[in-house]
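User: Please take a close look at the interior packing here and explain how the parts come together. A connected account would be preferred to a list.

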Amino acid sequence: MSDVSSKNEKQMEKLIQVLEEQLAHSNQQNQELSKQIESLTQQVQHLTKMLFGSKTEKSKYQPDGQGSLFDDDDSSFTDPEHTEEQSQQTISYTVVRKLSKKKRNDSLRDDVAVEVIHHHPENTLCDCCQHQMAEIGSKVAREEAKFIPASMMKVQHVEHAYECRECKRDVSQPAQMKRGKAPHLAIQRSLAGPSVLAKVIYDKFVQYLPLYRQVKEWIRHGLDTNDKNLSNWVIRVAEDWLSPVYDRMKEWMMIKNVLHVDETYAQIILRSDGKSGQTNAYNWVYRTVPSQGPIITLFQSSLSRARSVLDTFTQGFKGTMVCDGYSAYGNLPNVTFANCWAHVRRYWLKADSKNGRIGVNYCDQLYRLERKFKHLSPSKRRKMRKKYSKKIVDEFFQWVDTSPFFGKSALAKAAEYTLKRADGLRIFLCDGRIEIDNNPAENAIRPNVLGRKNWIHSVSEAGARANAICLSLAETAKSNGIDFYEYIKKLLTDLPNLDIHQNPEILDRYLPWSKMIQTTCSKP
C-alpha cells in the first residue's frame with residue numbers, strides 16, 4: 001500500500017509540474033498577445049487618424065503637455081477679478097472709428113498695357129434749347145481685365161545671296177559671293193522654334209500639364225502635332241542643349257560641402273534591367289544651402305534606391321549631407337551624414353500619448369530656437385546652438401535613454417529611431433551652415449511628386465532623364481528669381497549657335513545666377 005501511495009504522489013507531482021509549466025507558458029503567451037493587441041490597436045488608431053484626422057504637423061500641445069482650450073490668448077481670462085468697489089467706477093472714453101478700405105483679392109501689375117475706352121453721350125445737343133453741349137469732365141467708371149489669347153505665327157528664314165558683278169566680269173578674278181546665314185535651330189529640320197519648345201517645357205514642368213493634354217491646345221492655335229512628337233522634342237532638347245547646363249550646375253554643386261538629399265519613387269515602363277514597369281524607379285534630389293552661394297537643385301532619375309546611385313552621382317563631393325534615416329545614407333568616403341529632426345518629431349507625434357507629447361515638446365523647443373537663429377550668420381548660429389540648443393538635445397537623449405520604452409509600440413519605435421541616429425542628429429550643433437532638418441530637400445522634391453500625379457509615368461529611361469534635367473533647371477531658376485519660360489527660350493535661342501562643347505566655360509554665362517541671365521530673364 002505504501003508503494004502505491006508513493007507512486008501516486010510522484011504522479012501527482014509530475015502532473016502539477018506539467019500544469020505549472022503549461023500555466024507559465026499560457027501566461028507568457030497572454031503577455032505577448034497583450035503586447036501584440038496594444039501594438040495593433042495603436043496601428044489602427046494611427047491609420048484612422050491618417051484617414052480622417054488632421055494632416056498638419058503643427059504642434060497642438062502646450063509646453064506643459066496640456067492642450068489649450070482656446071486658439072488665441074484672451075486677456076479677459078487672465079485679468080484679476082474686479083471687486084465690488086472697482087466695478088462701480090465709471091470710465092468714460094471716446095471711440096474713434098477708422099474706416100478701413102476693403103482690400104481687393106485681385107489686381108493687375110503696373111507693367112500691364114492699358115487700353116482706354118471713352119464713352120460719350122449718343123446725342124450732345126441740349127434737350128432744352130438744342131444747342132451743342134460742352135464737356136465739363138470725365139471719370140473712370142470701372143476697370144476690367146482683358147485676356148488676349150496667344151496666337152501662332154509661321155516665321156520664314158530667307159537666306160539672301162550676293163555676288164560681285166565687277167569681279168564676275170573679270171575672268172581672271174574668282175567669283176565673289178556672300179550668303180546670309182539663318183541661326184541654327186535647337187532641333188534641325190523641325191517646326192519647333194525656341195518659343196514653342198520653351199512653352200511645351202514650361203507647361204509640363206511648371207504648370208504640370210501632361211503632353212497629351214497640351215496637344216489639343218496646340219491644335220487650337222494652329223500647330224497640328226501629337227503627344228509622341230512633343231515627347232521627342234523634350235527628350236532631344238534636354239539631351240542636346242539642357243544637359244550641358246545641368247552638368248555644369250552639377251560641377252558647381254560638387255564644389256560645395258553641404259548638401260540636402262532625398263528621394264521618392266517614380267515609374268518607368270520600359271526598363272533596361274528587365275524588370276516590370278510596375279517596379280518602382282526613383283528620383284533623387286540634391287539641394288545646396290543658401291549660405292554657400294546661389295541655391296542649386298538637381299534631380300536624378302535612377303532605376304533603384306541603392307547606395308551606389310548616391311555614390312556615383314556625388315563622386316568627388318566632400319562634406320556633410322543632410323538626409324533622413326534611410327540606410328543608403330552612410331559609409332561614403334569623405335562624407336558625414338546629418339540626420340533630420342523633422343523625421344524624429346514625426347515618430348514622437350505618431351505616439352499620441354503623454355510620453356509622445358514630451359518627445360514632441362523637446363523637438364518644438366529646438367525649432368523655436370531655430371526660428372530665432374534663422375537670420376544669423378553660420379558662425380553666430382553655431383555659437384547660439386552650442387549655448388542654448390545643446391543642453392536641450394542632451395536632456396532629450398538622456399530622457400529617451402532612461403525611459404522604459406520596450407516592445408513594438410509606437411513609443412518604442414520612436415525611441416529606437418531616435419537613439420540609432422543620435423550621432424547624426426547632433427551634427428547640426430557643430431556647424432551653423434547645416435539646417436536642423438531635411439525640409440529644404442523635401443520641399444524641393446514636391447514638384448516631382450505633383451508632376452508624377454499628372455503625367456503618371458515615363459515611358460523610357462531617356463524620358464525620365466529628360467524630366468529630371470528640366471525639373472532641375474525649373475527649380476534652380478525659381479530659387480534664383482528667374483522666369484523659367486524666358487530662361488529656356490534664351491537657352492534654346494543662343495546655345496545652338498555657340499561652341500559650348502569645345503568651350504564649356506561659355507555655359508557659366510547661362511547659369512541661372514549669372515549676371516546676364518539675371519538681367520534678361522528675371523521675373524517682373
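Analyst: In the protein chain, 65% of the contacts between residues at least 6 apart in sequence join residues that are at least 24 apart. The model under discussion is a predicted one. Its protein chain contains 17 helices and eight strands. Of the 524 residues in the chain, 35% are buried. The chain exposes about 35700 Å², and 52% of that area is supplied by carbon and sulfur atoms.

The interior may be taken up with the nonpolar cores. In soluble globular proteins, nonpolar side chains tend to be buried together. The largest nonpolar core here has 73 residues, and the members that touch the most others are Ile201, Leu242, Leu310, Leu473, Tyr487, Ile488 and Leu491. Helix α6, which spans residues 227-255, provides the largest share of this core, with 13 residues. A second core lies apart from that one; it has 37 residues, and Val344, Leu349, Val360 and Ala410 are among them. Within the largest core, Leu491 illustrates how distant parts of the sequence are brought together: with neighbours within four places in sequence left aside, Leu491 is in contact with Leu242, Val245, Leu473, Pro496 and Tyr510. Two of these partners, Leu242 and Leu473, are also listed with Leu491 among the members that touch the most others.

The helix pairs involving α11 come next. Two packed helices are described by the angle between their axes and the distance between the axes. Helix α8 (residues 341-350) and α11 have axes that come within 8 Å and cross at roughly 165°. An angle over 145 degrees counts as roughly antiparallel, and α8 and α11 are therefore roughly antiparallel to each other. Their crossing is left-handed. From α8, the contact involves His343, Val344, Tyr347, Trp348 and Lys350, while α11 contributes Ala410, Leu411, Lys413, Ala414, Ala415, Tyr417 and Thr418. Val344 and Ala410 appear in this contact and also among the members of the 37-residue core.

Helix α11 (residues 410-420) also packs with helix α10 (residues 378-402), at an angle of about 130° and with the axes 10 Å apart. These two helices are therefore oblique to each other. The crossing of α10 and α11 is likewise left-handed. Here Phe396, Phe397, Val400 and Asp401 of α10 meet Ala415, Thr418 and Leu419 of α11. Ala415 and Thr418 thus take part in the contact with α10 and in the contact with α8.

Individual residues complete the picture. Asn448, in helix α14 (residues 446-455), is buried, with a relative accessible area of 5%. Beyond neighbours within four places in sequence, Asn448 is in contact with Thr264, Asn283, Phe299 and Leu471. Lys35, by contrast, is exposed, at a relative accessible area of 58%, and lies in helix α1 (residues 2-52). Its C-alpha atom is separated by 7.6 Å from that of Lys408, although the two residues are 373 residues apart along the chain.

Two loop residues deserve mention for their backbone. Tyr208, which is not a glycine, has a positive phi of about 55°; its place is the loop between α4 (194-205) and α5 (211-221), and at 15% relative accessibility Tyr208 counts as buried. Asn334, another residue other than glycine with a positive phi, has a value near 65°. Asn334 lies in the loop between β6 (319-323) and β7 (335-339), and at 54% relative accessibility Asn334 counts as exposed.

Notes:
Residues are numbered from 1 along each chain as its sequence is written. This is a predicted model: local features need pLDDT of at least 70, side-chain atom pairs count only at pLDDT 80 or more; totals for chains, interfaces and linings use all residues. Side-chain values use heavy atoms; hydrogens and water are left out. A nonpolar core is a set of buried Ala, Val, Leu, Ile, Met, Phe, Trp, Tyr and Cys residues joined through side-chain atoms within 4.5 Å. Buried means under 20% relative accessible area, exposed over 50%, partly exposed in between (1.4 Å probe, protein chains only). Helices (H or I, at least four residues) and strands (E, at least two) are DSSP runs, numbered from the N terminus. Contact means heavy atoms within 4.5 Å. Accessible areas come from the Shrake-Rupley method with a 1.4 Å probe; for residues, only the protein chains shown count as cover. Axes are lines fitted to C-alpha atoms, for helices over the stretch in contact, and angles run from 0 to 180 degrees between N-to-C directions. Angles under 35 degrees count as roughly parallel, over 145 as roughly antiparallel, 65 to 115 as roughly perpendicular and the rest as oblique. A crossing is left-handed if the near helix is turned anticlockwise from the far one by less than a right angle, and right-handed if clockwise.
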